[in-house]
Every structure is written in C-alpha cells, then in structure tokens.
Amino acid sequence: MWVQALDIILEKMKASGFDFSQVLALSGAGQQHGSVYWKTGAGQVLTRLSPDLPLREQLQACFSISDCPVWMDSSTAAQCRQLEAAVGGARALSRLTGSRAYERFTGNQIAKIYQQNPEAYSHTERISLVSSFAASLFLGSYSPVDYSDGSGMNLLQIQDKVWSQACLGACAPRLEEKLGRPVPSCSVVGAISSYFVQRYGFPPGCKVVAFTGDNPASLAGMRLEEGDIAVSLGTSDTLFLWLQDPTPALEGHIFCNPVDPQHYMALLCFKNGSLLREKIRDESASGSWSEFSKALQSTEMGNGGNLGFYFDVMEITPEIIGRHRFSAENHEVSAFPRDVEIRAVIEGQFMAKKIHAEALGYRVMPKTKILATGGASHNRDMLQVLADVFGAPVYVIDTANSACVGSAYRAFHGLAAGTDVPFAEIVKLAPNPRLVATPTPGASQDYRSR
Ligand SMILES: Nc1ncnc2c1ncn2[C@@H]1O[C@H](COP(=O)(O)OP(=O)(O)O)[C@@H](O)[C@H]1O
Ligand SMILES: O=C(CO)[C@@H](O)[C@H](O)COP(=O)(O)O
C-alpha cells in the first residue's frame, strides 16, 4: 500500500506537469514507530529497478512481513516488561533512550515479531522505520535511520546517539546489522536513484536528505522556538516542545532534535485524538463539524463546571480507558446534554495536554506561542478553547501539512549541509505563522482553579 501510494503520487505529479528537473534535494517524513521488514535479497532488487515499471510491481516479493506494525499497535506489553527488566527498570530505560518502554516503540515491535515469527525474522535482511523505508525507495538502496525518528524505538541512546547494546540484545538477535548505523537527521544520505531520474526526470544529482518521523518533521515545519509549544491535532493528538537539557521521565518522550543535533525535543502522544472527536461529532452533532462548532460557541468557557475525560481506546498518556463525566457538584454522571458533551471533550483533551506538558517542566512564558497543526487545526472554535486553556495565543501556519513543509525545509537545509548554516537561518524568509485565537482574559486562571 505504501509503495503503491508513492507510485500514485508521482504519477499524478507527472500528469499535472510538475517539473521534476528543478528538484535539487528532497526529504520526507513517515508516521513514527512503524516498521518495514525487507526480505533477504531485497537490497539487490532495489538497486536494479526498471524505470519502465511501477515500484509496486517490482517490490511485491521484497518483504518478509506483509502487514507492517504501525504506531497504533499496543499488543507488546510483555515485550515492554522484558526490555525494562533487561536494563534495570522503566526509569533506567527512559534515562538511556528518552522513554520508558512503550508498546508502539519499534524495539518492542521487533521483539514480538522475533518471538512469534522467528522464521520471518531470520529471513529479514534489513528493518526500516516508515521514514527510512520511504527514503530507501528514493535512494535505491537502504537508507539509515535518523537520530530523531530513531529515538522512538526504545533502542537509541539519545545522549551518545548509538544503538544501546543492552536494548538490542533484549529485543532480538543480530539486530544491529539489520538496523544499520543511525545518522544525524540533517545528513544527506545519497543521490536519488536512476529509477526516478529516468522515469520522472529528477536531476541525477538530486540529494536525498535523511527522512524523519512525522512529529520531528512537523517541529521543523512549524519552526518551533524555545518557549513555544506545538499541538498537532491529527489522527492522534501530539504535543511537542524544543528542549536543551532534557529530563526523561516516566510519562512522555524525549527525542533527538531533528534540526539541531545538540538539542532535543519532548513529545507527548494522545491516542484519543481526532477519531474520538469524530465519534462525538457523529453522536452529538449529527456528523457535522459546523454543528460541533456551534455547540462550542453556545456553551460557556468552563462548561458550567461539567468536566469529562474520554478514552474510547486505551490511552497512552496516561494508560486509561473509558468515558468519565463529572457534574459541577463533582458527581460522576453517565451522560451530558449534547452541547455540554462536545465542550467537555474539547476542554478535557486540552486541559490534559497542559497538565502533562507542565509535568515535563513546561511553563507558559509571556512570549509563548501555541502553534496548531493537523486536520483539526482548521477548526477555529476548537482553537479558541486551546488558547483559553493554555492562556496563550494560538497560531497556524498556512498549510496544516506541517510535516510536509518541514520535510521541504529540511531538504533545503540539506543543500547547505557541511557549511554549518543553522536551520533557523535557512528558513528565516518562510512565511510567519498566523494568529487565529487569543486567550479570553482570565481564562487560564479559571481553568487552573478547576
Ligand atoms: N473542521 C474540522 N474540525 C475538527 N476536526 C477536523 C476538521 N477537519 C478535519 N478534522 C480531523 O482531522 C483529522 C485528520 O487529520 P490529519 O492531520 O490529516 O491526520 P494524520 O494525523 O493522520 O495526518 C480527521 O480525522 C478529522 O477528524
Ligand atoms: O505515535 C505517535 C507519536 O509518538 C504518532 O503521532 C505517530 O507518529 C503517527 O501519528 P498520526 O500522524 O497518525 O497522528
């Protein structure tokens, strides 16, 4: 599916007259943590692709696992406990790799594949992340994993930027050779393969800059500065911040920074994001976002004291499931009126984000900007609640696809690789984010007191 998606995108671009010969460098992003298993011999196939055929037809037999584990999988609790035990506990693993063991993190996913399907594992010559997999297609050879996306595996020592031998050993045998050596996120990993030159007309020297995770790429696309907080309202909701001195904790993740190898980023991931909001929209707003917005407009900030927490699937931050509603008198109730329900979902989600960010050491400063992205950042009424809960102005960039924009910026940065030009300098002429919501005076104190 992923290979075919790339075929389709490039064919559509070609049909629309896109001039590939102008592309000097490219980069990209993939959902974090997902993994792709290349069968023995696949590396050879990659180097000999015929420009006369789509990629899908040529790569069909190249994978030892046909259904790639993706980030939403949470079936690896046993492997998580084994990994934590092997390195001296959850806190020790977090200090080493930036996170305690998480079910979706790739090391635990690999361990499960090795334990349940050792034959497929032994026929695997290379394991890619979704990001390095896509880069490999463009390169025509295996692309290394970059430090930033590599931090979402529970395998990389985030301070030293090398695979942890203890973690590798706890997950599966001969794993280091299947992963290859990780590289700085701004590395040029090679030139585009002749397949793309001949089939689409890319210039032969077009540089491929290491691909990274969707959240690190979004951080680049939003040109985050210290003190800012980015809120991505996609399928999942994620929150990320730029950090200099990380303090890995038991909740949340520390990743290597995708644009500055000396720095870090913190990330919190909430599984009950847009899919939950869509469910509530269908149940309480006749399936219409505009009805959903009307409910937010017609209810008061603070929701008359009603409070709700909604986790239809097992949440990541924190591990909890179920819908929990509390009346103004602090009694658990089984339902709210439709409009109250809609406000309760949005206020509950945004208050949780603020509380968890503060637990990682985050403080709203006078210059703090909240940068919103992802599909739901089109919804201005939701963004007003976000501004009120955080007590900070909310901005959006012109496109909600910040991971794509970030990939383009990173490709541009890659062109200057080796000259030590900082990323901020490279993107300084990019359009500034637009202010879309300012906090209602006194709002954040109101929310704090709740
Ligand atoms: N007007 C809107 N209001 C709220 N949510 C919206 C609106 N438009 C789109 N969305 C949500 O955006 C989500 C898709 O976000 P997107 O960032 O594209 O996803 P992904 O994280 O998979 O890249 C959809 O699940 C949808 O619920
Ligand atoms: O697991 C995480 C981050 O740790 C997710 O954020 C994935 O990176 C994919 O997210 P969506 O783009 O589907 O929201």
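1. A polar contact is a pair of N or O atoms within 3.5 Å; within protein, one of the two must be able to donate a hydrogen and the other to accept it, and residues adjacent in sequence count only if both atoms are side-chain atoms. With that in hand, here is a place to start: an oxygen atom of ligand 1 is 2.9 Å from a polar backbone atom of glycine 375.

2. A word on the ground rules. This is a predicted model, in which local features need pLDDT of at least 70 and side-chain atom pairs count only at pLDDT 80 or more, while totals for chains, interfaces and linings use all residues. Residues are numbered from 1 along each chain as its sequence is written, chains are lettered from A and ligands numbered from 1 in the order in which they are written, and side-chain values use heavy atoms, with hydrogens and water left out.

3. Back to ligand 1. Around this ligand you will find Gly234, Thr235, Ser274, Glu278, Trp289, Gly374, Gly375, Ala376 and Asn379 (a residue is near a molecule or strand if one of its heavy atoms lies within 4 Å of it). Two side chains come up here: a polar side-chain atom of glutamate 278 is 2.4 Å from an oxygen atom of the ligand, and an N or O atom in the side chain of threonine 235 is 2.5 Å from an oxygen atom of ligand 1.

4. Threonine 235 also appears in the list for ligand 2, whose surrounding residues are Gln31, Gln32, His33, Trp71, Arg104, Asp214, Asn215, Thr235, Ser236, Thr238, Leu267 and Cys269. An N or O atom in the side chain of histidine 33 is 2.6 Å from an oxygen atom of ligand 2, and for a polar side-chain atom of arginine 104 the distance to an oxygen atom of this ligand is 2.8 Å. Glutamine 32 takes part through its backbone, with an N or O atom 3.1 Å from an oxygen atom of ligand 2.

5. Leu267 and Cys269 bring us to strand S13 (residues 264–270). Helices (H or I, at least four residues) and strands (E, at least two) are DSSP runs, numbered from the N terminus. Why is S13 described as largely enclosed by the rest of the structure? The reason is that 7 of its 7 residues are buried, where buried means under 20% relative accessible area, exposed over 50%, and partly exposed in between (1.4 Å probe, protein chains only). Tyr264, Ala266, Leu268 and Phe270 point one way from the strand, and Met265, Leu267 and Cys269 the other way.

6. Now for the partners of S13. Two strands pair if DSSP finds at least two bridges between them. Strand S11 (residues 237–243) runs antiparallel to S13 and is joined to it by 7 bridges, with leucine 243 opposite tyrosine 264. Strand S12 (residues 253–256) is also antiparallel to S13, over 4 bridges, and there cysteine 256 is the bridge partner of tyrosine 264.

7. Another sheet is worth a look. It is open, with 3 strands in the order S14-S15-S16 and antiparallel pairing; its edge strands, each pairing on one side only, are S14 (307–311) and S16 (332–333). Between S14 and S15 (residues 322–326) there are 5 bridges, and glycine 308 stands opposite arginine 325 in S15. Proline 318 sits in the loop between S14 and S15, and the peptide bond leading to this proline from threonine 317 is cis, with omega near -5°.

8. Two residues other than glycine have a positive phi and may catch your eye. Lysine 161 has phi near 60° and lies in the loop between strand S5 (156–157) and strand S6 (162–163); this lysine counts as buried because its relative accessibility is 12%. Asparagine 303, with phi of about 55°, is in the loop between helix H15 (289–298) and S14, and counts as buried at 4% relative accessibility.

9. Finally, is serine 402 buried or exposed? At 1% relative accessibility, this serine counts as buried. Serine 402 belongs to helix H18 (residues 402–415), and its side chain makes polar contacts with the side chains of serine 218 (2.9 Å) and threonine 373 (2.9 Å). Leaving aside neighbours within four places in sequence, its contacts (heavy atoms within 4.5 Å) are with Ala217, Ser218, Gly221, Met222, Thr373 and Ile397.
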